[in-house]
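Here is a quick tour of some side-chain contacts worth having a look at. Grab the viewer and follow along.

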Amino acid sequence: MIASDIHGSAYYCKKMLERYREEGAERLLLLGDLLYHGPRNDLPREYAPKEVISMLNEAKEELLCVRGNCDAQVDQMVLQFPILADSMILYLDGRTIYATHGHVYNEEKLPPLKKGDILLHGHTHVQAMEDRGDYIYLNPGSVSIPKNGNENSYMVYEDGSFTIKNMDGIRIRDFVPAQ
């Protein structure tokens, strides 16, 4: 399961972790912006970073994470899993996935990608599943502060298919990358 942009919302962090358990996912990949709402965002529902810290630390063995633009060294002092990597390379079913938050590498400034690789990031709070020809662009949207009319959302990967779902687990979009 892949999620991004919790921004300190205890309400949506709890819903995300409930969905993670209900999905039966092996790991939860967080694409940054865990605790702080950020200067450009309104406070999300039930903004309570200390509660988010507690919930995430309870699941620390199951979390993979990259740093968002609102994440800082001080956040790492209270979180019991690594959050400060700017990116992560994943190999999934013979495909390379470049996972990052999106504030450094994104569609305007691409990381080194081979044809067919996946660029996976959050940051924009806007869902995306697009084959760009040379690479595939995926964005799960935001758990807590969606933008551009999107619903609060997360993404799952199963059997070669990516699916964006709302926080009730209802499918929004599916994407099966061409081989």
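## Salt bridges across the chain

A salt bridge here is a side-chain nitrogen of Lys or Arg within 4 Å of a carboxyl oxygen of Asp or Glu. By that yardstick D86 and R67 qualify, with their side chains meeting at 2.8 Å, N to O. The two come from distant parts of the chain, 19 residues apart: D86 belongs to the loop between α3 (73-78) and β4, and R67 to the loop between β3 (63-65) and α3. Keep in mind that this is a predicted model. As for solvent, D86 is partly exposed at 37% relative accessible area, and R67 is partly exposed too, at 24%.

What does R132 pair with? Its partner is E107, and the closest N and O atoms of that salt bridge are 2.6 Å apart. R132 sits in the loop between β7 (127-131) and β8 (135-140), while E107 sits in the loop between β5 (95-100) and β6 (117-121), so this pair ties together parts that are 25 residues apart in sequence. R132 comes out as partly exposed, with 39% relative accessibility. E107 is also partly exposed, with a relative accessible area of 25%.

## A bridge within a helix, and a network

In total, the structure holds nine salt bridges. The general idea is simple: side chains of opposite charge can pair when their charged atoms come close. One of the nine joins E22 and R19, at 2.4 Å from N to O. Both residues lie in helix α1 (residues 10-23), three residues apart, which is about one turn of the helix.

Are E22 and R19 buried or exposed? E22 is exposed, with a relative accessible area of 58%. R19 is buried, because its 12% falls under the 20% cut-off.

## Aromatic pairs

Now for the rings. The structure holds three aromatic pairs. In one of them, the ring centres of Y11 and Y12 are 4.8 Å apart and the planes stand at 90 degrees, so the pair is edge-to-face. Y11 is partly exposed, at 21% relative accessible area, whereas Y12 is buried, at 12%.

Another pair is Y157 with F162: the ring centres are 4.7 Å apart and the planes at 50 degrees, so this one counts as tilted. F162 is buried, with a relative accessible area of just 2%, while Y157 is partly exposed at 24%.

## Charges over rings

Y11 has another partner to check. The charged end of R45 sits over the Y11 ring, 3.6 Å from the ring centre. Over at Y105, the residue lying over the ring face is K109, at 5.2 Å from the ring centre.

## Around L92

Last stop: L92, which is found in strand β4 (residues 87-92). L92 is partly exposed, with a relative accessible area of 29%. Which residues does L92 touch, not counting those up to four places away in sequence? They are I97 and Y157. That brings back Y157, the tyrosine in the tilted pair with F162.

For a long-range reference, take N41. N41 is 51 residues from L92 along the chain, and the C-alpha atoms of the two are separated by 33 Å.

Key
Residues are numbered from 1 along each chain as its sequence is written. This is a predicted model: local features need pLDDT of at least 70, side-chain atom pairs count only at pLDDT 80 or more; totals for chains, interfaces and linings use all residues. Side-chain values use heavy atoms; hydrogens and water are left out. Helices (H or I, at least four residues) and strands (E, at least two) are DSSP runs, numbered from the N terminus. Buried means under 20% relative accessible area, exposed over 50%, partly exposed in between (1.4 Å probe, protein chains only). Contact means heavy atoms within 4.5 Å. Rings of Phe, Tyr and Trp (its six-membered ring) pair if their centres lie within 6.5 Å; planes under 30 degrees apart count as stacked, over 60 as edge-to-face and the rest as tilted. A charge sits over a ring if NZ of Lys or CZ of Arg is within 6 Å of the ring centre and within 35 degrees of the ring normal.
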